[in-house]
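Here is a short briefing to read with the model open beside you. Take the topics in any order you like.

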Amino acid sequence: TVLHHPSKKVIKDAVAGALSPEGNAMELFEIGLVDDMEDLQATLLVTVTPTLASSGQTVGTICIGQDITKLKDLEARKASIMAMLSHELKSPLHGITGLSSSLLDDSEIPLSVKKPLSMMQNCAKRLLDMVSNIMDASVLVHDRKMRMSKDKVQLQTIVEEVITLCQQAT
């Protein structure tokens, strides 16, 4: 089993950091292992913690590794499924919004048909937003780097649509 070249530097830097005079904090990192003989790869999550003498001086390190290969594989599969699901949901929703928009622009369509078309278009747009929000939340959970933003909401329009949907349902 051989360490990936970048992993050697990560380990060296983490241990050096833990052994440094100010290195009294735990280091957490991932390393990749390769077994060329059996064509296997593994990912380890490694924790390096300094060992302190009674004087408070760092005298060594404790390294603990956990095999997270299966977890990494699951994350990759989840990302693939999320991308496929997003595409499969967005494509028909874009079609619905495009067709309803074209019909709404047609002057020959009566107003009694335009109101339900408008509701259909708004519902499809909300579903598109929901799919995007789910994808964004997935990225947020995975990367923990994404910033959330607040958008203004037209509450009166939403309430009117809900009332109209309820009236049509009865």
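**Overall layout**

Read from start to end, the protein runs β-α-β-β-β-α-α-α, which comes to 4 helices and 4 strands. Please keep in mind that this is a predicted model. The points below go from the whole chain to a few residues in the helices.

**Burial and surface**

- The protein has 170 residues, and buried ones make up 22% of them.
- About 12900 Å² of the protein is exposed, and carbon and sulfur atoms supply 60% of that area.
- Take the contacts between residues at least 6 apart in sequence: 46% of them join residues at least 24 apart.

**The nonpolar core**

- Which residues form the largest nonpolar core? It has 6 residues, namely Phe 29, Ile 31, Leu 33, Leu 44, Val 46 and Val 48.
- Two strands each supply at least two residues of this core: S2, spanning 27-35, and S3, spanning 40-52.

**Helix H2**

- Helix H2 covers residues 69-105 and has 37 residues.
- From its first C-alpha to its last, H2 reaches 54 Å, close to the 54 Å expected at 1.5 Å a residue.
- The buried residues in H2 are Met 82, Ser 86, Leu 93, Thr 97, Ser 100 and Leu 104.

**Ser 100, in H2**

- Is Ser 100 buried or exposed? Ser 100 counts as buried because its relative accessibility is 0%, under the 20% cut-off.
- A polar atom of the Ser 100 side chain lies 2.8 Å from the backbone oxygen of Ile 96.
- Once neighbours within four places in sequence are set aside, Ser 100 is in contact with Leu 117, Met 120 and Gln 121.

**Leu 117, in H3**

- One of those contacts, Leu 117, is found in helix H3, which covers residues 111-143.
- Leu 117 has a relative accessibility of 9%, so this residue counts as buried.
- Besides Ser 100, the contacts of Leu 117 include Leu 103, Leu 104 and Ile 109, again leaving aside neighbours within four places in sequence.
- How far apart in space are Leu 117 and Thr 97? Their C-alpha atoms are 9.5 Å apart, while the two residues are 20 apart in sequence.

**Ser 86, also in H2**

- Ser 86 is another residue that lies in helix H2, and its relative accessible area of 10% is why Ser 86 is buried.
- Not counting residues up to four places away in sequence, Ser 86 touches Val 131 and Met 135.
- From Ser 86 to Met 135 the C-alpha distance is 7.4 Å, although the pair is 49 residues apart in sequence.

**Cysteines and disulfides**

- How many disulfides does a search of the whole structure find? The search finds 0.
- A disulfide would be a covalent bond between the sulfur atoms of two cysteines.
- Cys 63 counts as partly exposed because its relative accessibility is 47%, in between the 20% and 50% cut-offs.
- Cys 123 has a relative accessibility of 25%, so Cys 123 also counts as partly exposed.

Note on methods
Residues are numbered from 1 along each chain as its sequence is written. This is a predicted model: local features need pLDDT of at least 70, side-chain atom pairs count only at pLDDT 80 or more; totals for chains, interfaces and linings use all residues. Side-chain values use heavy atoms; hydrogens and water are left out. A disulfide is a pair of cysteine sulfur atoms within 2.5 Å. Buried means under 20% relative accessible area, exposed over 50%, partly exposed in between (1.4 Å probe, protein chains only). A polar contact is a pair of N or O atoms within 3.5 Å; within protein, one must be able to donate a hydrogen and the other to accept it, and residues adjacent in sequence count only if both atoms are side-chain atoms. Contact means heavy atoms within 4.5 Å. A nonpolar core is a set of buried Ala, Val, Leu, Ile, Met, Phe, Trp, Tyr and Cys residues joined through side-chain atoms within 4.5 Å. The expected span of a helix is 1.5 Å times one less than its number of residues. Accessible areas come from the Shrake-Rupley method with a 1.4 Å probe; for residues, only the protein chains shown count as cover.
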